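Me: I should like to learn how to read a pocket and a sheet in a structural model. May we take them in turn?

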Amino acid sequence: MYVCMAAATLTACGPKQEKEQVAEDFSYTVEQFADMEILRYKVHGFDQLQPKQKEMLYYLSQAALEGRDILFDQNGKHNLCIRRTMEAVYVNYAGDKTSADFQAFELYLKRVWVANGIHHHYSGDKFIPAFSQTFFAEAVKSIDPTLLPLSEGETVDALVEKLTPVIFDPSVMAKRVNQAAGEDLVATSAGNYYEGVTQAEAEAFYAAMKDTNDLTPVSYGLNSKLMKEDGVLVEKTYKVGGMYSAALERVVGWLEKAAAVAENDKQREVIEKLISYNRTGCLKEFDEFCILWVHDLESQIDFVNGFTETYGDPLGMKASWESLINFKDLEATKRTELISQNAQWFEDNSPVDDQFKKETVKGVSAKVITAAMLGGDCYPTTPIGINLPNSNWIRQQHGSKSVTIENLTEAYDKAAMGNGFSQEFMWSEEEMNRAKEYGSLTNNLHTDLHECLGHGSGKLLPGVDPDAMKEYGSAIEETRADLFGLYYIADPKIVELGILPNADAYKAEYYQFMMNGAMTQLMRIEPGKTIEEAHMRNRQLIANWVMEHGAAEKVVEFKERDGKTYVVVNDYEKLRDLFGELLREIQRIKSTGDYEAGKQIVEQYAVQVNQDLHKEVLERYAKLNLAPYKGFVNPVYIPEYDAEGNIINVTLDYTEGYAEQHLRYSKDYSVLPTYN
Ligand code: ZN
């Protein structure tokens, strides 16, 4: 599970303690278009690593890039065809590149790169281009046909005809992940995890596979596409020799090189198991890999590489391909270790009903990491925290690894300094000053608590299906983790442990969370739309619930000044009590598998948007001329070889541009067929 960046860093307040002086000429911002700002992150501490560690990071970074095409295909079956067609035009078009149509064409391609497909990376809605269908047809027909991704026997006319409705018609493949209650979520979602299959068929297929007595169930359906062949349901497994083979072979090739320079035997075993799993596609092996991985705590280098998160599947079973290569930030990790060491105390003292608490919280490990390469579903938009593995029984028996990615939050903070956001939306100087002083620290701490403790806390009652919350599962789980963090960030224990400097600092995060959840996150929602994304649902759920339940005592309220609405927190201590009360209820829902209550609370508080407030937020936000979403370009890894071809050093280059990077990736890391 991950904490997406949109969660926390919006107010991005003030500078924080520098670990390392960043060169004056390092530019965190790359470019801005549509609703995106593209940033650059700095891989702090890379130069101080051992040569073998740098070599290993180089191999892993390549493995991270090889899965890019897989994600495009998973996000929609025409995505690779659209990207390849557009890139061919973008590079080879001989017409007027300053025309409005071509500019709109370029903008659309940049958005396709951000989204790894034609649906918005965050909302999942299809975005519609501003260039004309005529321009599209003429531009495609104007270039050398051998440069186009034509299927066998396909004419250029047929290609244009095939892609035109997919790109232009708002009703065709309208949503990547449809979560509208009452509809066939599988048949109406444009993601490529199912084909020719209804929701009822998919659910029956996996229900028949599940053995409810199995205490260590695999993650059914995780690494496959479900489709029909001759009327019969079949799973196409993602593996070497199966679906996505060409890309996975390359991934395996780089992993083999990485295994050869592993830091220690344990880490080598982890990588070798991952290689084997990529070859067999066997989900038991995936679990074995996860267990080995979660126990490797000594290595400085770590990675995610493979089919991991299930947000892209409306049924929450099938995983998108992602990769995040990183190494431990030894200094900052001291903070999260303190939290981890006290995990049992936090579990024992939480406001949750005792029967839902874990007797022993196992292996809650936590560290602060430096991202070294982002790939697949972590690129170019990326989480700021990760807690894996996702399998419930592995988490219970073996624990989980939790990370905060601090060089990415640093980039957000640096890029957002002085952009006017706080001045526009915060109630008074008091909130702004607190944000400046403690905003970054408490924000990172909330992420730590969410990841290290929140997801790992609590337990299901015996016999409760881990998937009992179905389509509400992700929102309920994120709500639970966020509340655990919110409750404890204000606990005297945090000050006692020396993690926060005083008993007032937490208020910075409380205010920012309430402002974001109740109001400012609406800037990401298009007019008339409801909230679909799990993390956004979780934040609005919490904010609206506590505002309603604290209304009589005016714990938190909306106030108006000069025609503008503000969130005002009047009583921080009572606000904490309300967070605790809601945590207790959410944990009960999860632990008992109370689907109806879960559905009710999400539908009541998390989904619908206050239309007037939404309109106001969009208008105020528009005046600031800021991009609500951020993405990244990666550094370029440059190996240096000796005469025998051994890598002797690796250096990083940070100068690559956004389009430049994507075009290079499409050339060097693109081996899948256009249709898979
Ligand atoms: Zn989470």
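Me: Why does the second largest pocket lie between domain 1 and domain 2?

Reply: Rolling a probe the size of a water molecule over the atoms shows where empty space is left. The present model is a predicted one. Here the second largest pocket lies between domain 1 (2–29 + 418–631) and domain 2 (69–176 + 635–668), because both give residues to its lining.

Me: What volume does the second largest pocket have, and which residues lie nearest its centre?

Reply: Its volume is about 600 Å³. The lining comprises 33 residues, and those nearest the centre are S123, R524, I525, E526 and Y629. Two or more lining residues come from each of helix 20 (534–549), helix 22 (595–607) and helix 23 (611–624). Helix 23 gives the most, with 3 residues.

Me: How do the residues of that lining divide into nonpolar, polar and charged?

Reply: The lining of the second largest pocket has 16 nonpolar, 6 polar and 11 charged residues.

Me: Let us turn to the sheet. In what order do strands 4, 5 and 6 stand?

Reply: Strands of a sheet pair through backbone hydrogen bonds, either parallel or antiparallel. In this model, 3 strands form an open sheet in the order 4-5-6, with mixed pairing. Strand 4 (194–195) and strand 6 (232–237) are the edge strands, each pairing on one side only.

Me: How many bridges join strand 5 to strand 6, and which residue stands opposite M227?

Reply: Strand 5 (residues 224–229) runs antiparallel to strand 6, and 6 bridges join them. Opposite M227 stands V234, in strand 6.

Conventions:
Residues are numbered from 1 along each chain as its sequence is written. This is a predicted model: local features need pLDDT of at least 70, side-chain atom pairs count only at pLDDT 80 or more; totals for chains, interfaces and linings use all residues. Side-chain values use heavy atoms; hydrogens and water are left out. Two strands pair if DSSP finds at least two bridges between them. Helices (H or I, at least four residues) and strands (E, at least two) are DSSP runs, numbered from the N terminus. On a 1 Å grid over the protein atoms alone, a cavity is a set of points where a 1.4 Å probe fits but cannot get out, and a pocket is an open set with protein on both sides within 12 Å along at least five of seven lines; lining residues have an atom within 4 Å of a point. Grid points are joined across faces, edges and corners, and a volume is the space filled by probe spheres set on the points. Ala, Val, Leu, Ile, Met, Phe, Trp, Tyr, Cys and Pro count as nonpolar, Asp, Glu, Lys and Arg as charged, and the others, Gly among them, as polar. Domain bounds come from an automatic or database domain assignment.
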